[in-house]
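This report describes a protein model for a reader who is new to structural biology. Please keep the sequence and the structure in view while reading.

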Amino acid sequence: MKRYGLALMLASFAAPVLAQGTACAPRDVVVKRLAEAYGETRKSMGLGAQGAVVEVFASETSGSWTITVTGTNGVTCLIAAGQAFEDVADALPVPGNDA
């Protein structure tokens, strides 16, 4: 899933964002809000820098998506959001062939 790789890449930026106090709240509050207001559910997750959990939420009906980072303190911050989410599973390139 391409979004999984993007989420892990963003994890390297998670610690500074968590420290800045951007749009953050306890994880259960954020997850509930994403589900109720936008119809988004978790599509992927991974571990980032300093134990942060990076998650991608998306709505299959509207195509909206949100990337969140949850610190070890349980506080979740919104990192990015957008439209036109697609769930894809690209195959790895054949060895020896340039991409």
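## The disulfide

A disulfide joins Cys24 to Cys77, with a distance of 1.9 Å from S to S. The model is a predicted one, and it holds one disulfide. In general terms, a disulfide is a covalent bond between the sulfur atoms of two cysteines.

Which parts of the chain does this pair tie together? Cys24 lies in strand E1 (residues 24–26) and Cys77 in strand E5 (residues 75–82), so the bond ties together parts that are 53 residues apart in sequence. The torsion about the S-S bond of Cys24 and Cys77 is about 105°, and the disulfide is therefore right-handed.

The surroundings of the two cysteines can be described by relative accessibility. Cys77 has a value of 0% and counts as buried, because buried means under 20%. Cys24, at 32%, counts as partly exposed, because this class covers values between the 20% limit for buried and the 50% limit for exposed.

## The overall fold

The protein contains three helices and five strands. Read from the N terminus on, its elements follow the order α-α-β-α-β-β-β-β. The protein has 99 residues, of which 31% count as buried.

## Salt bridges

Side chains of opposite charge can pair when their charged atoms come close. The model has three salt bridges, and the table gives the separation of the N and O atoms in each.

| Pair | N to O distance |
|---|---|
| Arg27 and Glu55 | 2.7 Å |
| Arg42 and Glu55 | 2.9 Å |
| Glu60 and Lys43 | 2.8 Å |

The salt bridge of Arg27 and Glu55 links distant parts of the chain: Arg27 belongs to helix H3 (residues 27–38) and Glu55 to strand E3 (residues 53–58), 28 residues apart. Arg27 is partly exposed, with a relative accessible area of 30%, whereas Glu55 is buried at 1% relative accessibility.

Glu55 also forms a salt bridge with Arg42. Here again the pair links distant parts of the chain, with Arg42 in strand E2 (residues 41–47) and Glu55 in strand E3, 13 residues apart. Arg42 is partly exposed, its relative accessibility being 43%. Arg27, Arg42 and Glu55 are thus named together as a network of linked salt bridges.

The remaining entry in the table is the salt bridge between the side chains of Glu60 and Lys43. Glu60 lies in the loop between E3 and strand E4 (65–70), and Lys43 lies in strand E2, so this pair ties together parts that are 17 residues apart in sequence. Is Glu60 buried or exposed? Glu60 is exposed, with a relative accessible area of 72%. Lys43, at 24% relative accessibility, counts as partly exposed.

## The nonpolar core

How many residues make up the largest nonpolar core? This core has eight residues, namely Ala52, Val54, Val56, Ala58, Trp65, Ile67, Val69 and Phe85. Strands E3 and E4 each supply at least two residues of the core.

Thr70 also lies in strand E4. This threonine is buried, with a relative accessible area of 7%. The C-alpha atom of Thr70 is separated by 6.5 Å from that of Val54, although the two residues are 16 residues apart along the chain. Val54 is itself one of the residues of the largest nonpolar core.

## The largest pocket

Rolling a probe the size of a water molecule over the atoms shows where empty space is left. The largest pocket of the model has a volume of about 180 Å³. There are 14 residues in its lining, and those closest to the centre of the pocket are Arg33, Leu34, Tyr38, Thr66 and Leu78.

Which elements each supply at least two residues of this lining? They are H3, E4 and E5. Helix H3 gives the largest share, with five residues. When the lining of the largest pocket is sorted by class, eight residues are nonpolar, four are polar and two are charged.

## Bringing the parts together

Several elements appear in more than one of these descriptions. Helix H3 holds Arg27 of a salt bridge and supplies five residues to the lining of the largest pocket. Strand E5 contains Cys77 of the disulfide and supplies at least two residues of the pocket lining. Strand E3 holds Glu55 and, like E4, supplies at least two residues of the largest nonpolar core.

How values were computed. Residues are numbered from 1 along each chain as its sequence is written. This is a predicted model: local features need pLDDT of at least 70, side-chain atom pairs count only at pLDDT 80 or more; totals for chains, interfaces and linings use all residues. Side-chain values use heavy atoms; hydrogens and water are left out. A disulfide is a pair of cysteine sulfur atoms within 2.5 Å. Helices (H or I, at least four residues) and strands (E, at least two) are DSSP runs, numbered from the N terminus. Buried means under 20% relative accessible area, exposed over 50%, partly exposed in between (1.4 Å probe, protein chains only). A salt bridge is a side-chain nitrogen of Lys or Arg within 4 Å of a carboxyl oxygen of Asp or Glu. A nonpolar core is a set of buried Ala, Val, Leu, Ile, Met, Phe, Trp, Tyr and Cys residues joined through side-chain atoms within 4.5 Å. On a 1 Å grid over the protein atoms alone, a cavity is a set of points where a 1.4 Å probe fits but cannot get out, and a pocket is an open set with protein on both sides within 12 Å along at least five of seven lines; lining residues have an atom within 4 Å of a point. Grid points are joined across faces, edges and corners, and a volume is the space filled by probe spheres set on the points. Ala, Val, Leu, Ile, Met, Phe, Trp, Tyr, Cys and Pro count as nonpolar, Asp, Glu, Lys and Arg as charged, and the others, Gly among them, as polar.
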